[in-house]
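Work through the exercises below with the sequence and the model open. Each task is followed by its solution in steps.

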Amino acid sequence: MTTLIGRNSSGKSNALDGLEVLSRLASGADLVDALDSRRGDEGPLRGGMAGCPPHGTDRFQLGCTVFAPDRLGKGYSLIYLDVTIQVRPEPEIISETLVGISGKRRSTRNPLSQIAHDLLSTSGAHPGSGTIDATWYNGRRGRDPRASFRSTRLLTSQLPLRLAGETEAEQRVATAAEDVLETLRGVFHLDPVPHLMRQYVPSRDTRLRRTAENLPAVIGHLKEYDPQRFQQLVTRVQSLVEHEVTGIEIIRSPLNDVMLALREDGATTPAREMSDGLLRFTAIATSLLRQGQDLDLGGRGSEDDSRSPTLVIEELENGLHPSQATQILDLVKQATQEDASRVIFTTHSPALLSALGAEDHKDVVVCSRDRETGLSHLRKLPEMDGYPSLMAQGDLGMIATSGLLEQAPAPARDFTEFDRLMGIG
Ligand SMILES: Nc1ncnc2c1ncn2[C@@H]1O[C@H](COP(=O)(O)OP(=O)(O)OP(=O)(O)O)[C@@H](O)[C@H]1O
Ligand SMILES: [Mg+2]
C-alpha cells in the first residue's frame with residue numbers, strides 16, 4: 001500500500017503518469033501508439049507525448065526499480081530500468097539501461113554491496129534512423145554481444161527475443177527482462193465513471209475495465225463463482241449507506257445483458273437510480289476484494305502474466321463520506337496482504353489520512369514542488385525532517401490540513417531549526 005499526498009499540482013499524478021508510460025511501453029508498443037493513440041479504451045496519455053518532456057526540452061527520462069521474485073539467490077533480486085526518450089524531431093529512445101543486482105537480500109538501502117550487472121545498455125544512438133545499438137550481458141567477460149534494436153520501442157521488450165539463451169547468464173537476463181515487463185504491464189489505473197456503470201453490459205464481459213463500465217458483469221460473475229467474496233461485497237455496501245440494503249442483484253435483459261441493482265427497503269433499485277458515490281465505491285471495493293485479479297489490461301498483459309497487479313487509484317476518497325475512511329483503508333489493506341497485489345492511491349482526505357496508523361506512515365509518500373526549480377520531490381513521510389515533532393502535534397489528517405507537511409524543509413541533519421520554527425523545542 002502506497003499513499004501519495006501533497007498539494008494540488010505538486011506532481012502526484014505526474015508520477016503516476018510516469019508509471020503509466022512505462023507500463024504502456026512494457027507491452028512492446030511503438031512509442032507513438034502507446035502515448036498518443038486514441039484507439040482502445042485507454043486513450044492518449046494526459047498531455048500526449050508532447051506533454052512528457054519538461055517544458056523547454058525535447059526529451060524525458062523515466063526509471064523504475066523492480067523487486068523480482070526470489071529465485072533462491074539464482075536470479076536478480078533488484079532490477080533497475082532507465083530510459084531516455086526524445087520526442088522531437090522523431091520520437092525515439094536515445095538511451096536505455098537495465099541493471100540487475102543479484103543476491104538473496106531484498107535491500108534497496110545498500111544495493112552496491114551486492115553484485116551489479118549491466119544487463120542491457122545502449123551504446124550508439126543514430127538519431128533519425130529508427131535504430132539504436134545495444135549490448136547485453138552474457139557472462140563472457142569482455143565478449144558481450146552487440147546488436148541493433150528498434151529505437152521506437154522499449155529495448156527491454158525486444159530483448160527476450162534477441163537472446164539465444166545459450167549461456168546461463170543470458171537466461172538470467174531474459175528472466176530479469178520478463179520480470180520487469182510483467183510487473184510494469186500489471187499496472188492498472190482504476191478510474192470508475194459512475195454514469196457508465198448505469199447501463200446494461202454483455203454478461204460475458206467479466207474482466208474489470210478501467211472505467212468499471214462492465215461492473216455489473218464482473219459482479220454477476222463474482223456472485224456465481226465466488227459467493228464468499230460476493231457476500232463480503234454486500235456487507236461492505238451495507239455498511240456504506242444509512243438505509244437498509246438486503247442484497248446486490250443482477251438484472252438480466254432478454255439478450256442476457258446485465259445491469260446492477262440494489263435490493264433496498266423492500267424494493268429493487270436499478271443502477272440507473274443508484275448514487276454516484278455508491279457506484280464508485282462498489283467498483284473500487286470489487287477490484288480490491290478480488291485483489292486486482294481479472295483486470296482488463298487492454299491487450300497489455302499476456303495470459304501467462306502471473307505477477308501480482310498494481311492498482312492505481314486517484315483520489316481514493318472521491319465521493320465518499322468521511323466516515324467511510326476506515327472502511328476503504330481496510331479494503332486496501334486486505335487487498336495488499338501477503339503481496340497479493342499492490343495498491344497506490346492519492347488522497348486529499350484528512351479523514352483518510354487520520355485513519356492511517358503510525359505503522360502505515362512508512363507507506364506514505366509526500367510530494368512537494370520546489371518553488372525555484374519547479375521540480376517535484378517525493379519523500380517518504382518518516383524520512384521528512386521534523387517528522388517526529390510534526391507528529392507530536394496531532395494526527396496526519398490535521399497536519400495535512402494545516403499545510404505544515406509541505407513546509408518541512410529539505411533534508412538536513414539538524415532538526416533544531418525546524419523545531420524552533422514549529423514552536424517546539
Ligand atoms: N511537461 C511539463 N513540464 C513542466 N511542468 C509540467 C509539465 N506537465 C505538467 N507539469 C506541471 O505539473 C502540474 C500537474 O501536476 P499533477 O497533475 O501531478 O498534480 P497533482 O499533484 O496530481 O495535483 P492534484 O492533487 O490537483 O491532482 C501542472 O500543473 C504543471 O505545473
Ligand atoms: Mg492529480
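## Exercise 1: the ligand shell

Sorted by class, the residues around ligand 1 comprise 2 nonpolar, 10 polar and 1 charged. Here Ala, Val, Leu, Ile, Met, Phe, Trp, Tyr, Cys and Pro count as nonpolar, Asp, Glu, Lys and Arg as charged, and the others, Gly among them, as polar. The model is predicted: local features need pLDDT of at least 70 and side-chain atom pairs pLDDT 80 or more, while totals for chains, interfaces and linings use all residues. Residues are numbered from 1 along each chain as its sequence is written, and chains are lettered from A and ligands numbered from 1 in the order in which they are written.

Task: state how many residues surround ligand 1, and which element gives the largest share of the shell.

Step 1. Ligand 1 is surrounded by 13 residues; a residue is near a molecule if its C-beta atom, placed from the backbone, lies within 6 Å of it.
Step 2. The closest are N8, K12, S13, N14 and H55.
Step 3. Helix α1 (residues 12–26) supplies the largest share, 3 residues. Helices (H or I, at least four residues) and strands (E, at least two) are DSSP runs, numbered from the N terminus.

## Exercise 2: the antiparallel sheet

Task: give the strand order of the sheet that holds β2 to β7, and find its edges.

Step 1. The order is β2-β3-β4-β5-β6-β7, an open sheet of 6 strands with antiparallel pairing. Two strands pair if DSSP finds at least two bridges between them.
Step 2. At the edges are β2 (59–67) and β7 (146–150), each pairing on one side only.
Step 3. From one strand to the next, the twist averages 20°. Axes are lines fitted to C-alpha atoms, for helices over the stretch in contact, and angles run from 0 to 180 degrees between N-to-C directions.
Step 4. Strands β3 and β4 are linked by a hairpin of 5 residues and pair over 10 antiparallel bridges. V83 has E96 of β4 as its bridge partner.
Step 5. Between β4 (residues 92–102) and β5 (residues 116–125) there are 5 bridges, also antiparallel. In β5, S121 stands opposite T97, and L120 stands opposite L98.

## Exercise 3: the helices

Task: describe where helix α4 lies and how α3 meets α4.

Step 1. Helix α4 (residues 168–185) lies across β2, β3 (76–86), β4, β5 and β6 (131–136), at about 70° to β3.
Step 2. The axes of α3 (residues 155–162) and α4 come within 9 Å and cross at roughly 145°.
Step 3. From α3, the contact takes T156, S157, L159 and P160; from α4, A174, A177, E178, V180 and L181. Two residues are in contact if their C-beta atoms, placed from the backbone, lie within 7 Å.
Step 4. By class, these contact residues are 6 nonpolar, 2 polar and 1 charged.

## Exercise 4: the mixed sheet

Task: name the strand order and the edge strands of the sheet with mixed pairing.

Step 1. Its 6 strands form an open sheet in the order β8-β13-β14-β1-β15-β16.
Step 2. The edge strands are β8 (187–190) and β16 (376–380).
Step 3. β8 runs parallel to β13 (residues 310–313), joined by 4 bridges. F188 is partnered by L311 in β13.
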